[in-house]
Amino acid sequence: MPKNQYFNHEGPWSDATGPLMCTDTGDWRTKRPVVDAERCIFCGFCAIYCPIQVVQMKGESHFEADLGFCKGCGICAQECPKNAISMVSEEEFQS
Ligand code: SF4
Ligand code: SF4
């Protein structure tokens with residue numbers, strides 16, 4: 001897949017350019033995707049289905065969302081065939 005200005009790949013739904021990308025989504029995102037690397041089979045469905053293409057490979061073991069851009073929509077968790085992604089309340093990460 002071709003590169004865009006933010007990430008190393010371009011997904012099927014958009015080119016992940018300007019209007020879809022913003023920072024500090026943690027300020028308003030209510031849940032974040034958390035990947036269980038032990039369950040991940042590295043299929044890449046989460047990266048393909050994420051509407052803004054913010055799911056990136058972490059080495060060669062699993063995928064994770066870039067939380068600077070993730071909107072918390074949960075599509076990746078819905079599409080994961082191994083149920084390896086849990087949508088966890090942002091409150092769990094506040095100290
Ligand atoms: S869809 Fe699920 S199993 Fe596939 S790469 Fe993403 S987290 Fe791993
Ligand atoms: S929750 Fe939505 S925006 Fe965030 S990584 Fe998953 S599909 Fe992409």
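Strands are DSSP runs of E of at least two residues, and helices are DSSP runs of H or I of at least four; both are numbered from the N terminus. By this definition, His-62 belongs to strand β3. The views below show a predicted model.

**Figure 1. Overview of the predicted chain and its elements.** Two helices and four strands make up the secondary structure of the chain. Read from the N terminus, these elements follow the order β-α-β-β-α-β. The average pLDDT of the chain is 81, and 74% of the residues reach at least 70. Among the elements, the mean pLDDT is lowest in β2, at 85, and highest in β4, at 97. The chain has 95 residues, of which 21% count as buried. When contacts between residues at least 6 apart in sequence are considered, 64% of them join residues at least 24 apart.

**Figure 2. Close-up of ligand 1 and the residues around it.** The shell around ligand 1 holds 14 residues, and those that come nearest are Cys-40, Cys-43, Phe-45, Cys-46 and Cys-80. Helix α1 (45-49) and strand β3 (62-65) each contribute at least two residues to this shell. Sorted by class, the shell of ligand 1 contains eleven nonpolar residues, two polar residues and one charged residue.

**Figure 3. Close-up of ligand 2 and the residues around it.** Ligand 2 is surrounded by 13 residues, with Cys-50, Ala-65, Cys-70, Cys-73 and Cys-76 coming nearest. Ten residues of this shell are nonpolar, two are polar and one is charged.

**Figure 4. The hairpin of β2 and β3.** Strand β2, residues 55-58, pairs with β3 in the antiparallel sense, and four bridges connect the two. Within this pairing, Val-55 is placed opposite Ala-65 of β3. Ala-65 is also one of the residues that come nearest to ligand 2. Three residues lie between the strands of the hairpin, in which Gly-59 adopts a positive phi near 60 degrees.

**Figure 5. The surroundings of His-62 in strand β3.** His-62 counts as partly exposed because 18 C-beta neighbours lie inside 10 Å, whereas a buried residue would require 20 or more. Leaving aside residues up to four places away in sequence, His-62 touches Val-35, Ala-37, Cys-40 and Phe-42. Of these contacts, Cys-40 is also among the residues that come nearest to ligand 1. The C-alpha atoms of His-62 and Gly-44 are 8.5 Å apart in space, although the two residues are separated by 18 residues in sequence.

**Figure 6. The largest nonpolar core.** This core comprises 15 residues, and the members that touch the most others are Cys-46, Cys-50, Val-54, Val-55, Cys-76 and Ile-85. Helix α1 and strand β3 are the elements that give two or more residues to the core. Some core members recur in the preceding views: Cys-46 comes nearest to ligand 1 together with four others, including Cys-43, and Cys-50 and Cys-76 are among the residues nearest to ligand 2.

**Figure 7. Two loop residues with positive phi, Gln-53 and Asn-83.** Gln-53 is not a glycine, yet its phi is positive, at about 55 degrees. This residue occupies the loop between α1 and β2. Gln-53 is classed as buried because 26 other C-beta atoms lie within 10 Å. Asn-83, likewise not a glycine, has a positive phi of about 50 degrees. Asn-83 is found in the loop that runs between α2 (75-79) and β4 (85-89). With 10 C-beta neighbours inside 10 Å, Asn-83 is therefore classed as exposed, the limit for that class being 12 or fewer.

How values were computed
Residues are numbered from 1 along each chain as its sequence is written. Chains are lettered from A and ligands numbered from 1 in the order in which they are written. This is a predicted model: local features need pLDDT of at least 70, side-chain atom pairs count only at pLDDT 80 or more; totals for chains, interfaces and linings use all residues. A residue is near a molecule or strand if its C-beta atom, placed from the backbone, lies within 6 Å of it. Ala, Val, Leu, Ile, Met, Phe, Trp, Tyr, Cys and Pro count as nonpolar, Asp, Glu, Lys and Arg as charged, and the others, Gly among them, as polar. Two strands pair if DSSP finds at least two bridges between them. A nonpolar core is a set of buried Ala, Val, Leu, Ile, Met, Phe, Trp, Tyr and Cys residues joined through C-beta atoms within 7 Å. Two residues are in contact if their C-beta atoms, placed from the backbone, lie within 7 Å. pLDDT is the predictor's confidence in each residue, from 0 to 100.
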